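Q: Please take a close look at one part of this model. How do the two protein copies relate, and what lies around the DNA strand?

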Protein chains: 2
Amino acid sequence: MENIFKKITEEYCEISPEAIFDWSEKINIIEYKKKHLLTKEGSYSSKFYYIIKGVARAYYLLDDKKVTDWFAFENDFIPSTTNHLIGQKSNHYIELLEDSILVELNHNDLEKLCKKHHDFEHLYRLTLSKAIYQLRERVASLQFRTVKQRYNSLIKLHPTIESRVPLGDIASFLGTTQETLSRTRALK
Amino acid sequence: MENIFKKITEEYCEISPEAIFDWSEKINIIEYKKKHLLTKEGSYSSKFYYIIKGVARAYYLLDDKKVTDWFAFENDFIPSTTNHLIGQKSNHYIELLEDSILVELNHNDLEKLCKKHHDFEHLYRLTLSKAIYQLRERVASLQFRTVKQRYNSLIKLHPTIESRVPLGDIASFLGTTQETLSRTRALK
DNA sequence: AAGAAAATTTGATTTAAATCAAATTCTTAT
DNA sequence: ATAAGAATTTGATTTAAATCAAATTTTCTT
């Protein structure tokens with residue numbers, strides 16, 4: 001339990017014991033089975049998750065296909081999919097691909113913690129910077145890389161993904177089809 | 001001059017007069033001519049810009065091609081391209097596509113302002129949230145939209161882009177070639 | 001205003017990936 | 001262990017977009 005905070009503050013920045021205390025009051029540690037859906041489309045009250053154990057994928061529906069948007073593994077955040085700046089409804093689902101243990105935090109509580117503790121807001125800001133960096137990499141990959149190149153970088157970044165995530169979901173994440181990905185990765 | 005802060009705080013959130021005062025001490029308002037390069041590849045000391053007037057594009061080199069990464073118009077930020085979390089060198093150039101007026105802020109000063117003023121860090125955090133939202137939209141567009149669809153959304157978002165940005169740069173931003181974009185947009 | 005340079009369009013062809021379909025392999029539950 | 005279902009691969013074909021090349025239009029410069 002304490003080492004959740006340790007993990008996070010080691011990766012981003014240290015914060016005060018008071019902030020950690022208030023934070024610990026607000027989180028829930030929950031376990032869900034494989035295939036559990038964390039968010040339902042059309043919901044406002046999106047929560048913020050951190051994965052202790054397991055894998056999650058975020059997806060949305062486009063022309064009756066599920067488009068995979070994001071993967072999160074151990075020690076990753078699942079960013080809130082709702083745009084709170086606009087107050088827009090979420091059109092995302094978050095599905096667990098394994099039995100998982102998660103840290104759950106309400107968006108409201110997150111905002112309160114940010115308001116009360118400057119250092120907490122700082123920490124949160126750093127996680128957003130990291131997300132921006134990752135998203136920029138992702139854009140670069142989709143913009144001018146071949147399917148093969150995109151797949152190779154993904155494997156490099158998440159070596160376990162091959163065995164933990166269905167190929168169709170990986171294909172979708174990479175902006176291609178399962179058939180194409182199956183063929184491309186067969187070529188060495 | 002005051003209305004720069006007004007513009008920004010109206011869009012994101014109000015901040016204290018003290019924060020605004022310190023902020024105003026640190027910024028420079030500068031004018032550059034069209035074609036001016038704001039960042040040179042390999043530089044660490046990336047700055048943070050806000051556009052009062054003009055257009056900028058960020059690009060990087062990939063196999064001797066310039067890949068356009070980001071556009072910024074009036075009242076937009078140009079996010080720092082350096083990943084300060086990693087301390088990585090920037091491999092980005094930022095080029096002005098028109099004679100422009102910009103607000104310039106050092107990355108160091110930005111960090112100091114964040115540290116000194118909680119409300120400033122909050123404001124900054126909100127700008128990052130917005131950037132994440134935009135990047136997610138951009139990923140979605142590259143992932144499963146046709147060139148035509150991507151072009152149409154871009155025009156909708158930035159109606160003036162057609163006349164202010166060369167077609168080749170728009171094509172690159174959309175992850176396609178100039179020839180393809182020229183053809184696709186000709187079809188109504 | 002004329003010429004040069006840059007940007008855009010058009011043409012012909014090739015290529016990477018999508019689509020539709022079916023077969024095979026791998027998992028899971030009984 | 002076996003059947004049922006899910007996931008993955010393989011096959012044939014089509015399609016969107018890339019590439020290479022040249023022509024045309026627009027924009028700058030003197």
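A: This is a predicted model. A turn of 180° lays chain A on chain B, with an RMSD of 0.0 Å. The shift along the axis is 0.0 Å. That is therefore the relation of a two-fold axis. Both copies use the same surface: 96% of the contact residues of chain A recur in chain B.

Now to the DNA. There are 15 residues around DNA strand C. Those that come nearest are A:Thr146, A:Thr180, B:Pro166, B:Leu167 and B:Ser182. Three elements give two or more residues each to the surface near DNA strand C. From chain A it is helix H8 (178-186). From chain B they are helix H7 (167-173) and helix H8 (178-186). H8(B) gives the most, with 5 residues. By class, the surface near DNA strand C has 8 polar, 4 nonpolar and 3 charged residues.

One helix pair within chain B rounds off the picture. Helix H2 (residues 17-26) of chain B packs with helix H3 (residues 107-116) of chain B at an angle of about 170°. Their axes are 11 Å apart. Angles over 145 degrees count as roughly antiparallel, so H2(B) and H3(B) are roughly antiparallel to each other. On the H2(B) side, B:Asp22, B:Trp23 and B:Lys26 make the contact. H3(B) brings B:Asp109, B:Leu113 and B:Lys116. This contact of H2(B) with H3(B) has 4 charged residues, 2 nonpolar and no polar ones.

Note on methods. Residues numbered from 1 in each chain as written. Chains lettered and ligands numbered in written order. Predicted model: local features only at pLDDT ≥ 70, side-chain atom pairs only at ≥ 80, totals over all residues. Near = placed C-beta within 6 Å. Helix = DSSP H or I, 4+ residues; strand = E, 2+ residues; numbered from the N terminus. Nonpolar A, V, L, I, M, F, W, Y, C, P; charged D, E, K, R; others polar. Least-squares fit on C-alpha atoms with pLDDT ≥ 70 in both. Contact = placed C-beta atoms within 7 Å. Axes fitted to C-alpha atoms, helices over the stretch in contact; angles between N-to-C directions. Parallel < 35°, antiparallel > 145°, perpendicular 65-115°, else oblique.
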